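Biologist: I am new to this structure. Please take me closely through one part of it, the open sheet and what packs around it, and then show me how the annotated site compares.

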Amino acid sequence: MKIEKIELKRLHLPLKEAFEASIGQQTKRDFLLVGVHGEGETGYGESVAMPTPFYNEETTDTVQYMLEKFLIPMLFSQPIESPQDVSRLFSKVRRNQMAKAALEGAVWDLYARQKGIPLARALGGTRTEIAVGVSVGIEKTVEEVVRKVEGFVEEGYRKIKVKIKPGFDIALIEGLRKRFGDSLPLMADANSAYTLEQADLLKELDQYSLIMIEQPLAHDDIVDHARLQQQMRTPICLDESIHSVEDARHAIELGSCKIINIKVGRVGGLAEARKIHDLCQAHDVPVWCGGMFESGVGRAHNIAITSLPNFTIPGDTATSSRYWERDIVTPAVEFSKPGTLAVPEGPGIGYAIDWDVVSSLQVLEKSYSKANVTI
């Protein structure tokens, strides 16, 4: 693959409404759109880091720094034959998974476009459509969450994820079960808001037939999660604790979880995401694809990876209209039928960039070639 030019555009994309989790409130996406040019085609990826280091240690600023200072020069430093070479090239850089994933994802899109095949097929995906769920943030009252869930159920979402935190947990789940019954596919996401000392409280969730509880304990823990899973019937899903296929192997071997949430950005890109998928499939551990408020570009990458066979639980890849007045891709990501997204059949991610929207959101633009970077 010949890489001729790389472009970074920093965009500020406002959410339609504020979204709150135990780690804080978000009102806009501050992210980098990455374009990789080669042989007449351009592939696109996006960073999923937040402006603040509250989900993990990376931020939009650190991603930009790592791309400019290290990763872009490394990509220009030697020829690559396929996107798998990118993750091997970046392996000597410790962590900084979201920076790696933004650039690696763009190379995957470029590769698929150059081959004239959908990104999903390039990854080995087999599905033509995927089931999707929706994530609901913390509100001031249980009743407000219930009202929002009513709307998403009417829209046809196939799984409801609600954010919880100490003091806004048991009563919330009980309220949802009273309103919708046990047939509602329901899960809770704690974003590391609890400790093992609160195990008795978490075990109260067992009576509500949840699909899973996601990341109840510390963001970097798998040992206490194993102890908690031994005490709970509800499957624990790990999110923040899993950054690589090795992390996933350790968690499975310790019994720290029964489900894994694969976020492409959190694990360093599509190649590592596929490795985790394959490992989990071999151990009968189901996976699903979580969301990081991606724009349509990242959303398209999520659709592609979710077409792999062991993504058996609906992910968080909601429609564009869930979060944005106007997405940066055209057409926008919308249901093909209630609760279902079609896997694009066109080359690459299968969506075009809406440059009018990008221009209206852009706060920075930079361009790099082999001639203007220090290798």
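Modeller: What follows is a walk through the sheet, then the annotated site, then a few backbone details. Keep in mind that this is a predicted model.

Start with the sheet. It is open and has 4 strands, in the order S3-S2-S1-S15. The pairing is antiparallel. Strands of a sheet pair through backbone hydrogen bonds, either parallel or antiparallel. Two strands sit at the edges here: S3, residues 41-46, and S15, residues 362-368. Each of these pairs on one side only. From one strand to the next, the twist averages 25 degrees.

Now look at the pairings. Strand S1 covers residues 5-21 and runs antiparallel to S15, with 6 bridges between the two. One place to look is leucine 11, whose bridge partner in S15 is glutamine 362. On the other side of the order, S2 and S3 are also antiparallel, joined over 6 bridges. There, histidine 37 stands opposite threonine 42 in S3. S2 and S3 form a hairpin with 2 residues between the strands. In that hairpin, glutamate 39 takes a positive phi near 55 degrees.

S3 is an edge strand, yet 5 of its 6 residues are buried. It is therefore largely enclosed by the rest of the structure.

What packs on the sheet? Helix H1, residues 60-77, does, and it touches S1, strand S2 (24-38) and S15. The direction of H1 makes about 155 degrees with that of S1. Helix H11, residues 296-306, lies across S2 and S3. H11 runs at about 90 degrees to S3. How many of the residues of H11 are buried? The count is 11 of the 11, so H11 is largely enclosed by the rest of the structure. Among the buried residues are Arg299, His301 and Asn302, along with Val297, Ile303 and Ile305.

One residue is worth a stop. Glutamate 7 is in strand S1. Is it buried or exposed? Glutamate 7 has a relative accessible area of 15%, and the cut-off for buried is under 20%, so it counts as buried. Its side chain makes a polar contact of 2.9 Å with the side chain of histidine 37. Leaving aside neighbours within four places in sequence, glutamate 7 is also in contact with Leu33, Val34 and Gly35, and with Glu365, Lys366 and Ser367. Histidine 37 is thus on two lists: it contacts glutamate 7, and it stands opposite threonine 42.

Next, the annotated site. An unreviewed UniProt entry lists Asp189, Glu214 and Asp239 under "binding site". These residues span 51 residues in sequence, yet no two of their C-alpha atoms are more than 9.5 Å apart, so they gather at one spot. From this set, Asp189 is part of the lining of the largest pocket.

Aspartate 189 is found in strand S7, residues 186-189. It is buried, at 1% relative accessibility. Beyond four places in sequence, aspartate 189 touches Lys161, Val162, Lys163, Ile164 and Glu214. Its side chain joins that of lysine 161 in a polar contact of 3.4 Å.

Glutamate 214 is found in strand S8, residues 213-214. It is buried too, at 0% relative accessibility. Among the residues it touches, beyond four places in sequence, are Asp189, Asp239, Asn261 and Trp288. Lysine 161 appears again here: its side chain makes a polar contact of 3.4 Å with the side chain of glutamate 214.

The same kind of record gives a domain. An unreviewed UniProt entry places "Mandelate racemase/muconate lactonizing enzyme C-terminal" over residues 142-235. That span is 41% helix and 11% strand, and its end C-alpha atoms lie 24 Å apart.

Last, some backbone details. Threonine 330 and proline 331 are joined by a cis peptide bond, with omega about -5 degrees. Proline 331 is in the loop between strand S12 (329-330) and strand S13 (340-342). Asparagine 96 is not a glycine, yet its phi is positive, near 50 degrees. It sits in the loop between helix H2 (84-90) and helix H3 (97-115). Asparagine 96 counts as buried, at 17% relative accessibility. Serine 209 also has a positive phi near 50 degrees. Its loop runs between helix H7 (199-203) and S8. Serine 209 counts as partly exposed, at 45% relative accessibility.

Methods
Residues are numbered from 1 along each chain as its sequence is written. This is a predicted model: local features need pLDDT of at least 70, side-chain atom pairs count only at pLDDT 80 or more; totals for chains, interfaces and linings use all residues. Side-chain values use heavy atoms; hydrogens and water are left out. UniProt positions are given in the numbering used here, feature names are shortened, and annotations may be inferred rather than shown by experiment. On a 1 Å grid over the protein atoms alone, a cavity is a set of points where a 1.4 Å probe fits but cannot get out, and a pocket is an open set with protein on both sides within 12 Å along at least five of seven lines; lining residues have an atom within 4 Å of a point. Buried means under 20% relative accessible area, exposed over 50%, partly exposed in between (1.4 Å probe, protein chains only). Contact means heavy atoms within 4.5 Å. A polar contact is a pair of N or O atoms within 3.5 Å; within protein, one must be able to donate a hydrogen and the other to accept it, and residues adjacent in sequence count only if both atoms are side-chain atoms. Two strands pair if DSSP finds at least two bridges between them. Axes are lines fitted to C-alpha atoms, for helices over the stretch in contact, and angles run from 0 to 180 degrees between N-to-C directions.
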